[in-house]
Amino acid sequence: MSESWHKLIAENEFPEEGKLATKIAGWHVLVAKTDDGLHAVNDRCTHQAALLSGGRIRRGAIMCPLHGARFELETGRCIGGTYRDLRTFELRVEGGEIEICIPDEAPRIDETPVQG
Ligand code: FES
């Protein structure tokens, strides 16, 4: 699968609350800042397709706002549950701009969140 880098936002404009939800090339992307730095994951819980970006971040993990599954933001790994891991996206900062590497193909239905 081919991928392309996309500019997101200047690093110094990243929201103070530590997370930013956006849509790039058809993908819902959650970018979050943890003690380890910036991470980008697919903004779609692997349990029942909720948007994860409404969840709380603690100790490097985001908690799904629907039923509480937790996912490590650095690795996408589901912790304390048996759901599939999240897809992660490569992220870099170039010239002060946050850039994210996104597949050129649109997400499958099982990678697309349900939006209420
Ligand atoms: S939809 Fe996320 S835990 Fe159920």
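This is a tour of a predicted model, going from the whole chain to the sheets, the core and two loop residues.

**Whole chain**

Start with the full protein in cartoon view. The secondary structure consists of 11 strands and zero helices, so the pattern along the sequence is β-β-β-β-β-β-β-β-β-β-β. The radius of gyration is 13 Å, close to the 13 Å that the globule rule gives for 116 residues, so the protein is as compact as a globular protein of that length. Along the principal axes, the C-alpha atoms fill a box of roughly 40 × 30 × 25 Å. Buried residues make up 30% of the 116. Of the contacts with a separation of 6 or more, 48% are between residues 24 or more positions apart.

**The four-stranded sheet**

Next, select β5, β6, β7 and β8. These strands form an open sheet in the order β5-β6-β7-β8, with antiparallel pairing. The edges are β5 (57-58) and β8 (78-79); each has a single partner strand, so one side of each is left without a neighbour in the sheet. Now narrow the selection to β7 (residues 70-72) and β8, which run antiparallel and are joined by two bridges. Show Arg-70 here: opposite this residue, in β8, stands Ile-79.

**The β10-β11 hairpin**

Move on to residues 91-94, which are strand β10; four bridges join β10 to β11, and the two run antiparallel. Leu-91 and Ile-100, the latter in β11, stand opposite each other. The two strands form a hairpin with two residues between them. In the turn, select Gly-95, which has a positive phi of about 55°.

**The nonpolar core**

Keep Ile-100 selected and add Val-29, Val-31, Leu-52 and Phe-71. In the largest nonpolar core, which has 24 residues, these five touch the most other members. Strands that each supply at least two residues of this core are β3 (27-34), β4 (37-42), β6 (61-63) and β11 (97-103). The largest share, five residues, comes from β3.

Centre the view on Leu-52. Leaving aside residues up to four places away in sequence, Leu-52 touches Leu-30, Asp-43, Arg-44, Cys-45, Ile-62, Cys-64 and Phe-71.

From there, step to Leu-30, in strand β3. Is Leu-30 buried or exposed? Leu-30 has 26 C-beta neighbours inside 10 Å and counts as buried. Its contacts, again not counting residues up to four places away in sequence, are Lys-19, Ala-21, Val-41, Asp-43, Leu-52 and Ser-53. Asp-43 is thus touched by Leu-30 and also by Leu-52. For a distance check, draw a line from Leu-30 to Ala-61: the C-alpha atoms are 12 Å apart in space, and the residues are 31 apart in sequence.

**Two alanines with positive phi**

Finish in the loops. Most residues other than glycine have a negative phi. Which value does phi take at Ala-25? Phi of Ala-25 is positive, at about 50°, although the residue is not a glycine. Ala-25 lies in the loop between β2 (19-24) and β3. With 15 other C-beta atoms within 10 Å, Ala-25 is partly exposed.

Then select Ala-49, in the loop between β4 and β5. Here too phi is positive in a residue other than glycine, with a value near 70°. Ala-49 has 15 C-beta neighbours inside 10 Å and counts as partly exposed.

How values were computed: Residues numbered from 1 in each chain as written. Predicted model: local features only at pLDDT ≥ 70, side-chain atom pairs only at ≥ 80, totals over all residues. Core = buried A, V, L, I, M, F, W, Y, C linked by C-beta atoms within 7 Å. Buried ≥ 20, exposed ≤ 12 C-beta atoms within 10 Å, placed from the backbone. Contact = placed C-beta atoms within 7 Å. Pairing = 2+ DSSP bridges. Rg over C-alpha atoms; globule rule 2.2 N^0.38 Å.
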